[in-house]
Amino acid sequence: MTEATATGAPGSLSGDSTLDLSSGKYIKVWQGPQHPGITGNMSLELVVCGDEVVECKTHVGYLHRGFEKLMERRTFIQNFTMVCRIAVPEPTFNEYLYAAAVEDLAGIQVPERAVWLRTLNLEMMRLASFLMWLGGSGASFGLYTIPQWAVAHRDFVLDLFEEVTGSRIYHMYIVPGGVRAGLPDGFKERATDVMIRIEKMLGEVERIVFHNAVFKKRAKGLGIITPEMVDHYGIVGPNARAAGVARDLRKDEPYLAYGDLDFEVATGTASDAYERAWVRFQEIHQSIALIRQMIERMPMDGPFQAPVPNVLHWKIPAGETYVKAECTRGEYGYYLVTDGSEYLRRIHVRGPSYTHAVALMEKLAVGTNIADISGLMVSLHTYPPEIER
Amino acid sequence: MNLKDLLSPFYVWQRAFEKPLTSLRPIEERPGAPRYRGFHINEVGTCVGCGTCKLICQNHAIDMVEVEGLEPRGGDSGLRPRFDYGRCCWCALCVDICPTSSLRMSNQYAWLTDDPDEFRFVAGVDAKSWNAHELGYRRDKDYHLVPTKRLEMPMVPPGEGLKSFDEVVKGYSAEQAKLEADRCIECGICVATCPAHMEVPDYIRTVREGDLEEGLRILYRTNPFSATCGRICTHRCEEVCPVGAQGDPLAIRWLKRYIVDQVPLADYRRILGDEIPTESGKKVAIIGAGPGGMSAAYYLRKRGHAVTVYETQQKGGGMLRYGVPSYRLPDDQLDKDIDYIVSLGVEVKYGTKVGVDVQFTELLEGFDAVYIGTGVNVPTKMRVNGEDHPRVLSGPQVLSDVAKGKDPGVGKNIAVIGGGNVAMDCARVSRRLGAEVTILYRRRIEDMPADSEEIHESQAEGCRIVQRAIPVEILRAESDAQVTIKWGEAEMVPDPKGGRPRPVLQEDRVHEDTFDSIISAIGQAGDYGFIPVAERDKLEIKWGKLLPRDYQHTTLEKVFVGGDIANDVADAISAIEDGHHAARGIHQLLAGTAEAGVERKP
């Protein structure tokens, strides 16, 4: 077992590794980018001693699509169809942040109904995304029934998305100025029905996963994040909340309709993989509760789009803005710079996966049993597509 | 660890007895949601081929292609969008932006074929199983990517307007003009529709970008009467503007006016860069200083030819001056256009009537080419008994008297016969002279050839319009200062051949009304009296119009013709285009060469 070097980087990466890799004691294992235990297309270069990981180096670059550059050559309205592709499992947060940034720069006030419709979409997205994580979480600890249940129930949420937005994955619903349509007739009843089915499934999952001897034995004590590490590594979202840091943008700096909604920030103390899973599990319930509140309280008529100039030659005055929202993994930010032309001067997308999947993963992997690497990675809930815009 | 934690995983078995959540495709179909963004459907009959879908598509998945068997209507490019599903990302921005809402999507999402070329198809034209689907994504009626409302034009209130002959339309402010110009989708359907093919999207862009000098240059490429046309053009461009399908069309005419209004005449020469080229030594005579003749003069003078214009009246402009009241087109604006043309060295002989003061044959002998732009000045008869009554006035005469500052003496209670712009102008002029006005028109208001603004403003100013009223006879009234008209109600009978409905007089519903005067404004015809019989016999004249050939050439070698006397549309913009086109033809004749790229577009 090795000590981390002074810079905090693994020795095999910085070149000052103390390990004698030709000693015959170590094996290098390349995990990913197609390994099912990796959350998307990235890979880990692991140095293993026996079955213990002694060094970990992360590799990204398999998913680079150059969105930020592409968006500098497209008009403000065209970009709205692109941003959803930046984080595949969570398009809505990208749609919202892009629209909010454009509105901020163009000085557009979104009507009340659109605010609620956007909040509803964001929570539905959180629910769908967490259900997908739940599936991955079960699978990475060998519980292969859970992904089937969780992903099937995620599809019920996607059904709701389909009827509201017209699409299941790339919704392209939140458009600069508002949203594209209101709720269809009977949505409230169908959404309530889906929430009941998901809650029933969650009850079973709680019993099968969280009261499961195997899961407990493997996840407890895995990948402990101390409260001191939180700011040092830039850790946000459930990863930070499980360490007892009650940070949640929805509460701390309420945006959209969150200021009007009733919810508590879920936190934990143990800060291991089990605790993080438990915090997320609470947030799934929280999302369902928020969706229920919203479909009861949201305005059902009125405009859902603020007047926008002709989008074909929409110019936005020079300026810059940073907007942020709490996605399932923590603070998600969009930084936009405009120069008064019909195009963006610069856009930067900052997702939480960048720190979680690279710096933090390299730190936490050390000392872990190689069989738990997948579980550790899923417990950090990272999306490589948002690392590589 | 406790026993419960060891046993609880076995609860998964309870789901083994439940109905599976998966569906049995393809045995069971699962239709997309009613709003699903599936395959494209285009209602080809509603689509005008404006190409805005292609413009907004960030994937370049849309081409505009010609469709076999599609007969383009007016205001239709004849092209239709072809989709490439190798590129499409189903964002539906094309549906959202579609001005006519002809484009939508079906909720069908599965399509299997072994021929990849099939995935490129013309929606609504190529037979597809989903073409008749009702369900699928459509743009919500409250959701727009282009502002639908026109910026309201500041106007003098109707009550105020009646007190004077001052201009009623005030014109846009800079801010209003920019906002209005912002609504343009740059499809160019207007360019194809404008008789002069003015480059509308290009000059609208100059308003948006604040480069009005460039705007003026673009205007003068096709129209040297822009101050005039910016006020009184019949704006067929606006009738076909696809933006109007969801709300109001672009105020193209007012934007043109905005450009011209912002540029003082003194700056024209510098901005337009019109240097008089070397004199060609050729001379052209133009008969009539109306919009057509003066356009021809402008474009000929720019090519270096010496131009002499013969005008009967004391001032130029023709029907623009003597037929259009000054509250629509103030004299100083018309003067602005004409003065600029004259300033290039065009000689205008006012008060000179061809056939009286100078003979047509003299022009043929003394000049290298002659352009006839005399217009139509002889009022058409109503063809009813008694219409030579002294209290039956001619519409053009009334307008001309008013333009010259004379009182036409219409009286206090008058009737106007007709539904064209001349009739509306007579009615509104009479209102300003203090008369109560009744307009009798043989068809319905929606059939009136007058501009819709003119009709609305007439009504706003208190003119009463009686629809489906056919004059039957003019009778003597008790007093010689009055006249009685016998008119009958008409029923509209549909034309079995599909033409426009025909009014048919109802003999049992005939009324008699007495007025101080009746203004007949049902049309005018050309007067060929100034052309000697020998020459006249060589010309082709049909239905009172002189038939032009290519480049407005007549059958006489040196003679060209244009304007109301040669086209059926009889509006200013057509006359301007005739003049411009004739200038090209005359230049070819004089220079002996064909100019490249001047073939007239259909």
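**Exercise 1. Establish how confident the prediction is for chain B and for the model as a whole.**

Solution. Step 1: In this predicted model, the average pLDDT of chain B is 90, and 98% of its residues score at least 70. Step 2: For the model as a whole, the scores are ipTM 0.87 and pTM 0.87.

**Exercise 2. Describe the contact between chain B and chain A: how many residues does each chain give, and what area is buried?**

Solution. Step 1: Chain B contributes 47 residues to the contact, and chain A contributes 50 residues. Step 2: Together the two chains bury about 3,700 Å², with carbon and sulfur atoms giving 53% of this area. Step 3: Of the area that chain B buries against chain A, 19% is supplied by B:R15, B:R35 and B:Q58, more than by any other three residues.

**Exercise 3. Determine how many salt bridges and polar contacts link chain B and chain A, and characterise the side that chain B presents.**

Solution. Step 1: Six salt bridges are found across this interface. Step 2: A:K200 and B:E18 form a salt bridge; their closest N and O atoms are 3.3 Å apart. This pair qualifies because the distance of 3.3 Å lies within the 4 Å cut-off for a salt bridge. Step 3: The interface also holds 31 residue pairs in polar contact, both residues being at pLDDT 80 or more. Step 4: On the side of chain B that touches chain A, the elements giving two or more residues are helix 1 (3-7), helix 2 (52-56), helix 3 (93-97) and helix 7 (200-209) of chain B. Step 5: By residue class, this side of chain B comprises 26 nonpolar, six polar and 15 charged residues.

**Exercise 4. Analyse the contact between the two domains of chain A. Which element gives the most residues to the side of domain 1 that touches domain 2?**

Solution. Step 1: The domain assignment divides chain A into domain 1 (11-59) and domain 2 (67-388). Their C-alpha centres lie 30 Å apart. Step 2: Domain 1 of chain A gives 21 residues to the contact, and domain 2 of chain A gives 19 residues. Step 3: The area buried between these domains is about 1,400 Å², of which 63% comes from carbon and sulfur atoms. Step 4: Zero salt bridges are found across this interface, whereas six residue pairs are in polar contact, both residues at pLDDT 80 or more. Step 5: Strand 1 (26-31), strand 2 (43-49) and strand 3 (52-59) of chain A each give two or more residues to the domain 1 side. Strand 3 of chain A gives the most, with seven residues. Step 6: The residues of this domain 1 side divide into 10 nonpolar, seven polar and four charged.

Terms used: Residues are numbered from 1 along each chain as its sequence is written. Chains are lettered from A and ligands numbered from 1 in the order in which they are written. This is a predicted model: local features need pLDDT of at least 70, side-chain atom pairs count only at pLDDT 80 or more; totals for chains, interfaces and linings use all residues. Side-chain values use heavy atoms; hydrogens and water are left out. pLDDT is the predictor's confidence in each residue, from 0 to 100. Contact means heavy atoms within 4.5 Å. Buried area is the accessible area (1.4 Å probe) that two parts lose on being put together, summed over both. A salt bridge is a side-chain nitrogen of Lys or Arg within 4 Å of a carboxyl oxygen of Asp or Glu. A polar contact is a pair of N or O atoms within 3.5 Å; within protein, one must be able to donate a hydrogen and the other to accept it, and residues adjacent in sequence count only if both atoms are side-chain atoms. Helices (H or I, at least four residues) and strands (E, at least two) are DSSP runs, numbered from the N terminus. Ala, Val, Leu, Ile, Met, Phe, Trp, Tyr, Cys and Pro count as nonpolar, Asp, Glu, Lys and Arg as charged, and the others, Gly among them, as polar. Domain bounds come from an automatic or database domain assignment.
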